Amino acid sequence: MQIIRTEIGEAIGHSGQLVLRVIFFGECGECVSVDMAKREPVAGHDEIAIGRAIAILVQTANFDVAANRYDVHSNGNFDEVAVTAANDESGALYIFEYRDGDGSRQVPPSKMPSFHAAREEAIRCAIDVLADLQPGTDALSGWLVRVRDETGELLCSIDVSEAEAARQASDATAV
């Protein structure tokens with residue numbers, strides 16, 4: 001989806017509480033809405049809200065439709081249940097840093113069930129970043145995604161060659 005517009009505002013969530021809503025609009029009429037617990041005022045915090053929404057989308061992108069036992073046995077009404085794996089109390093916070101042209105950007109910390117899950121997410125994201133690189137314009141070497149712990153210590157770095165190998169392995173298993 002090519003995002004052409006983003007809107008940020010307050011809304012009433014499913015539980016009746018006030019939430020911060022970020023809506024990403026696509027060029028062909030599609031949209032994705034992310035509701036978040038309202039932590040700070042909206043005015044002047046657009047970048048923070050968008051960063052939090054992106055982090056939530058990254059966390060949830062890896063889950064199948066039925067994220068837990070309730071979803072498997074439900075009638076399709078998933079409104080009452082949150083994705084439990086992303087909020088696992090035994091997990092840890094991980095900070096994902098993405099190569100962005102000549103610089104980099106970090107998204108707000110994500111709670112993941114384990115370092116293994118965080119590393120797998122970094123590999124999936126690196127494959128996506130790799131697909132966006134332009135041969136002849138972007139450097140096709142170096143790191144694509146880094147994972148840090150909540151103190152900022154570097155835990156792992158996924159480079160172009162590792163992302164390419166993972167992409168090829170994924171393509172081979174898909175065939």
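Trainee: Which residue stands opposite Val 19 in strand 3?

Mentor: That's Ala 37. Keep in mind that we're looking at a predicted model here.

Trainee: How do you know that strand 2 and strand 3 are paired?

Mentor: Count the bridges. Strand 2 (residues 18-26) and strand 3 are joined by seven of them, and pairing takes at least two, so these strands count as a pair. They run antiparallel.

Trainee: What makes strand 1 and strand 3 the edges of their sheet?

Mentor: Look at the order first: three strands form an open sheet, 1-2-3, with antiparallel pairing. Strand 1 (3-12) and strand 3 (31-37) each have a single partner strand, so one side of each has no neighbour in the sheet. On average, neighbouring strands in this sheet are turned by 20° against each other, direction ignored.

Trainee: Let's jump to strand 7. What makes it a partner of strand 8?

Mentor: Same kind of reasoning. Five bridges link strand 7 (residues 143-149) with strand 8 (residues 154-159), and the cut-off is at least two, so they pair. The two run antiparallel, and Arg 148 sits opposite Leu 154 in strand 8.

Trainee: And what lies between those strands in the hairpin?

Mentor: Four residues. In that hairpin, Gly 152 takes a positive phi near 95°.

Trainee: Back to Arg 148. Why is its meeting with Glu 97 called a salt bridge?

Mentor: The N to O distance between their side chains is 3.1 Å. The limit is within 4 Å, so the pair qualifies. Arg 148 belongs to strand 7 and Glu 97 to strand 4 (residues 92-100), so the pair ties together parts that are 51 residues apart in sequence. Both residues are buried, and together with Arg 146 they are linked in a network of salt bridges.

Trainee: How many salt bridges turn up in the whole structure?

Mentor: Eight. One of them joins the side chains of Arg 5 and Glu 7, at 3.0 Å from N to O.

Trainee: Why is Arg 5 called partly exposed?

Mentor: Its relative accessible area is 40%. Buried would be under 20% and exposed over 50%, so Arg 5 falls in between. Glu 7, at 36%, is partly exposed too.

Trainee: What separates Glu 164 and Arg 167 along helix 4?

Mentor: About one helical turn, because they are three residues apart in helix 4 (residues 160-174). Their side chains meet in a salt bridge, 2.3 Å from N to O. Glu 164 is partly exposed at 23%, and so is Arg 167 at 29%.

Trainee: What makes Cys 125 buried?

Mentor: Its relative accessible area is 9%, and buried means under 20%, so the label fits. Cys 156 is buried as well, at 10%.

Trainee: How many disulfides does the search of the whole structure find?

Mentor: Zero. A disulfide would need a pair of cysteine sulfur atoms within 2.5 Å, so no pair in this model meets that limit.

Trainee: Last one: where is Pro 108, and why is it called partly exposed?

Mentor: Pro 108 is in the loop between strand 5 (103-106) and strand 6 (110-112). Its relative accessibility is 26%, and partly exposed is what lies between under 20% and over 50%, so that's the label Pro 108 gets. Leaving aside neighbours within four places in sequence, Pro 108 is in contact with Gly 51, Arg 52 and Ala 55.

Technical notes. Residues are numbered from 1 along each chain as its sequence is written. This is a predicted model: local features need pLDDT of at least 70, side-chain atom pairs count only at pLDDT 80 or more; totals for chains, interfaces and linings use all residues. Side-chain values use heavy atoms; hydrogens and water are left out. Buried means under 20% relative accessible area, exposed over 50%, partly exposed in between (1.4 Å probe, protein chains only). Contact means heavy atoms within 4.5 Å. Axes are lines fitted to C-alpha atoms, for helices over the stretch in contact, and angles run from 0 to 180 degrees between N-to-C directions.
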